[in-house]
Amino acid sequence: MGSGIEKKLNHQCPILLYERLRQRQRYFDFAQYKSVQVPSAQCVITKFVRTLMKIPPFVLASASPARRRLLQTVGIEAIVRPSDFDESQIELSEPAELVKTLAQYKAETVAPQFESALIMGCDSVLSINGEIYGKPADIAEAIARWQIMQGNFGDLYTGHALIDLEQNRTLVKSQVTTVYFAQMSDRAIQAYVATGEPLKCAGAFAIEGFGSFFVEKIAGCHSNVIGLSLPLLRQMLGELGYDVTDFWQ
């Protein structure tokens, strides 16, 4: 049986409830004679507002830990549903079109799993001297790739697809950032590849990891190099009628 205090709290309007919870994060359940933890006031208000506005859950159609961590850093706790889409099916020579097409297919593959959700698909490639590079297949390819990249520069393209099932709308855009790589010795290349990091990343480097030592500078969006442009995401959410703060946890 719930205590009188609990029943009273449940019937308060959200603003009064917020004030009560802000002042007292814990209360004593006299019926059970034990202390009960109250959800944070911010959590209560966020859930109430999301219910009123019908904010859909945010789904990330990607297995990338870097993208998930990036979203978590800015307050978005995404539902992760990797698409497992076979990227080899798509052969396009223009990098911006390639990443947009792959991002859209990834989002569309995951969409049938939900009735109401905002689904984001992403894909990244690095273009150097007209050649498009994704993840290296093995250590030998990663070393060969870095022998081309070191002392050079390339364009990192990331495609972003947002499917809003509630509104039956889809937005697909891309962002590009130019990355300038440091000159490296063969020893440094082999040591970096030995960390295993290049084998997990489009372009064979992670700017948020060991690879940051070998990036001299970038021109453009930093988070785009990680795999998801936060400024572009904010713009796309705005086009769909949302504010990025609607998805803060």
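This is a tour of one predicted model, with selections to make in turn.

**Before selecting anything**

Residues are numbered from 1 along each chain as its sequence is written. Local features need pLDDT of at least 70 and side-chain atom pairs count only at pLDDT 80 or more, while totals for chains, interfaces and linings use all residues; side-chain values use heavy atoms, with hydrogens and water left out.

**The whole chain**

Show the chain as a cartoon. It has 9 helices and 9 strands; these are DSSP runs numbered from the N terminus, with helices (H or I) of at least four residues and strands (E) of at least two. Of its 249 residues, 43% count as buried. Buried means under 20% relative accessible area, exposed means over 50%, and partly exposed lies in between, using a 1.4 Å probe and protein chains only. Among contacts (heavy atoms within 4.5 Å) with a separation of 6 or more, 65% are between residues 24 or more positions apart.

**Strand E7 and its partners**

Select residues 153-164, which make up strand E7. Of these 12 residues, 10 are buried, so the strand is largely enclosed by the rest of the structure.

Add residues 118-128, strand E5. E5 and E7 run antiparallel and are joined by 10 bridges; strands are taken as paired if DSSP finds at least two bridges between them. To find one bridge, select Gly121, whose partner in E7 is Ala161.

Now add residues 169-181, strand E8. E8 is also antiparallel to E7, with 12 bridges joining the two. Asp164 stands opposite Arg169 of E8. In a regular strand the side chains alternate between the two faces of the sheet.

E7 and E8 form a hairpin with 4 residues between them. Select Asn168, in the loop between these strands. Its phi is near 55°, a positive value in a residue other than glycine. Most residues other than glycine have a negative phi, and most peptide bonds are trans. With a relative accessible area of 72%, Asn168 is exposed.

**A second positive phi**

Go to Ala204, in the loop between helix H7 (186-194) and strand E9 (215-219). This residue is not a glycine either, yet has a positive phi of about 65°. Is Ala204 buried or exposed? At 0% relative accessibility, Ala204 counts as buried.

**The nonpolar cores**

Select Phe58, Trp146, Leu162, Phe205 and Leu233. In the largest nonpolar core, which has 41 residues, these touch the most other members. A nonpolar core is a set of buried Ala, Val, Leu, Ile, Met, Phe, Trp, Tyr and Cys residues joined through side-chain atoms within 4.5 Å. E5 gives the most to this core, with 5 residues. Apart from this core lies another, of 11 residues, including Val59, Val110, Ala117 and Ile163. In soluble globular proteins, nonpolar side chains tend to be buried together.

Centre on Phe205. Not counting residues up to four places away in sequence, Phe205 touches Leu126, Trp146, Met149, Val179, Phe181, Tyr192, Pro198, Val215 and Val225.

**Ser127**

Return to strand E5 and select Ser127. At 12% relative accessibility, Ser127 counts as buried. Leaving aside neighbours within four places in sequence, Ser127 is in contact with Pro95, Ile132, Gly154, Asp155 and Tyr157.

**The largest pocket**

Switch on a surface. Which residues are closest to the centre of the largest pocket? Of the 33 that line it, they are Ser64, Arg67, Lys135, Lys200 and Cys201. The pocket has a volume of about 740 Å³.

On a 1 Å grid over the protein atoms alone, a pocket is an open set of points where a 1.4 Å probe fits, with protein on both sides within 12 Å along at least five of seven lines; lining residues have an atom within 4 Å of a point. Points are joined across faces, edges and corners, and the volume is the space filled by probe spheres set on them.

Helix H4 (65-73), E5 and helix H8 (222-226) each give two or more residues to the lining. H4 supplies the largest share, 4 residues.

**Cysteines**

Select Cys122 and Cys201. Cys122 is buried at 0% relative accessibility, and Cys201 is buried at 15%. The structure holds 0 disulfides, a disulfide being a pair of cysteine sulfur atoms within 2.5 Å.

**The end of the chain**

Finish at Phe247, in the segment after helix H9 (230-239). Phe247 counts as buried, at 2% relative accessibility. Add Ile76: the C-alpha atoms of these two residues are separated by 5.7 Å, although they are 171 residues apart along the chain.
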